[in-house]
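Good morning, and thank you for joining this group meeting. I would like to speak briefly about charged pairs and a surface patch in the structure that I am about to show.

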Amino acid sequence: MPNQDIDQTVDIEALKAQVDSDIAARLLMEADAALQINRRGFSIGELKLLVSLDATSEVAEIPRLFRLPGAPTGIIGLVNSHGRVMPVVDLSVLFGNQQKRAAAAWLLTCGRGEGAIGMVIDSLPERKKFALEDGISLSEVGHPIAAHARAAYREGKDIWIDVDFEELFTSVLQIDSTAA
């Protein structure tokens, strides 16, 4: 078999153009993502709340609650979650606007490990995406939870409140959700 020299030249300019194109596409995607707010949304009665995607760890049916005499307002009991005792908060009790519970209430676990706190919610969390221009002033939010919010966004007729739950649990309930 004769030894054939195969011409394997590389078009450096074409390679550079492809790399530049790939980098530009990636930067455009990152810039577009920076203009969007991605959160997990759920409801408690008529209240529409948002939490950062990494702040929650589990959603489950509400297990048996153990009452805690003398607990701060809003803490409706304790549950055993994976072998750890966790306080359960009902924000409708905390803010004094108890409403009829949804037919299927859920327990949303915020945080992990020893710092986890359960919260009663009325809908399964769903991923929500907002553009920066969807933001509204917190003064437009007619609920006391706005004092513990980072931002609020309008989606159609609904106002979604982006709550800082660590700050809320720490300041209102004196629960340190960062202790592990």
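Let me begin with aspartate 162. Is this residue buried or exposed? Aspartate 162 has a relative accessibility of 1% and is therefore buried, since the cut-off for that class is under 20%. Please bear in mind throughout that this is a predicted model.

Which residue pairs with aspartate 162? The partner is arginine 39, and the closest N and O atoms of this salt bridge are 2.8 Å apart. Aspartate 162 belongs to strand E11, residues 158–163, while arginine 39 belongs to strand E1, residues 36–44, so the salt bridge ties together parts that are 123 residues apart in sequence. Arginine 39 is buried as well, because its relative accessible area is 18%. The two residues also take part in a network of salt bridges that links Arg39, Arg150, Asp162 and Asp164.

As a general remark, side chains of opposite charge can pair when their charged atoms come close. In this model, the count of salt bridges comes to seven.

I turn now to another of these pairs. Glutamate 155 forms a salt bridge with lysine 128, and here the closest N and O atoms are 2.8 Å apart. Glutamate 155 is found in strand E10, residues 149–155, and lysine 128 in strand E8, residues 126–131, so parts that are 27 residues apart in sequence are tied together. Lysine 128 is buried, with a relative accessible area of 8%, whereas glutamate 155 is partly exposed, at 32% relative accessibility.

A further salt bridge joins the side chains of glutamate 114 and arginine 84, at 3.2 Å from N to O. Glutamate 114 sits in the loop between strand E6 (106–110) and strand E7 (117–121), and arginine 84 sits in strand E5 (residues 84–89), so this pair ties together parts that are 30 residues apart in sequence. Glutamate 114 is exposed, with a relative accessible area of 55%, and arginine 84 is partly exposed, with 40%.

Finally, I leave the charged residues and come to a nonpolar surface patch. Which residues make this patch? They are Val10, Ile12, Leu15, Val19, Ile23 and Leu27, and the patch covers about 540 Å². Leucine 27 is located in helix H1, which spans residues 12–34. With a relative accessibility of 52%, leucine 27 counts as exposed, because that class begins over 50%.

Thank you for your attention.

Definitions and conventions:
Residues numbered from 1 in each chain as written. Predicted model: local features only at pLDDT ≥ 70, side-chain atom pairs only at ≥ 80, totals over all residues. Heavy atoms only, no water. Salt bridge = Lys/Arg side-chain N within 4 Å of Asp/Glu carboxyl O. Helix = DSSP H or I, 4+ residues; strand = E, 2+ residues; numbered from the N terminus. Buried < 20%, exposed > 50% of the residue type's maximum accessible area, 1.4 Å probe, protein only. Patch = residues over 30% accessible without salt bridge, like charges linked within 9 Å, V, L, I, M, F, W, Y side chains within 5 Å. Areas by Shrake-Rupley, 256 points an atom, 1.4 Å probe, with all protein chains shown as cover.
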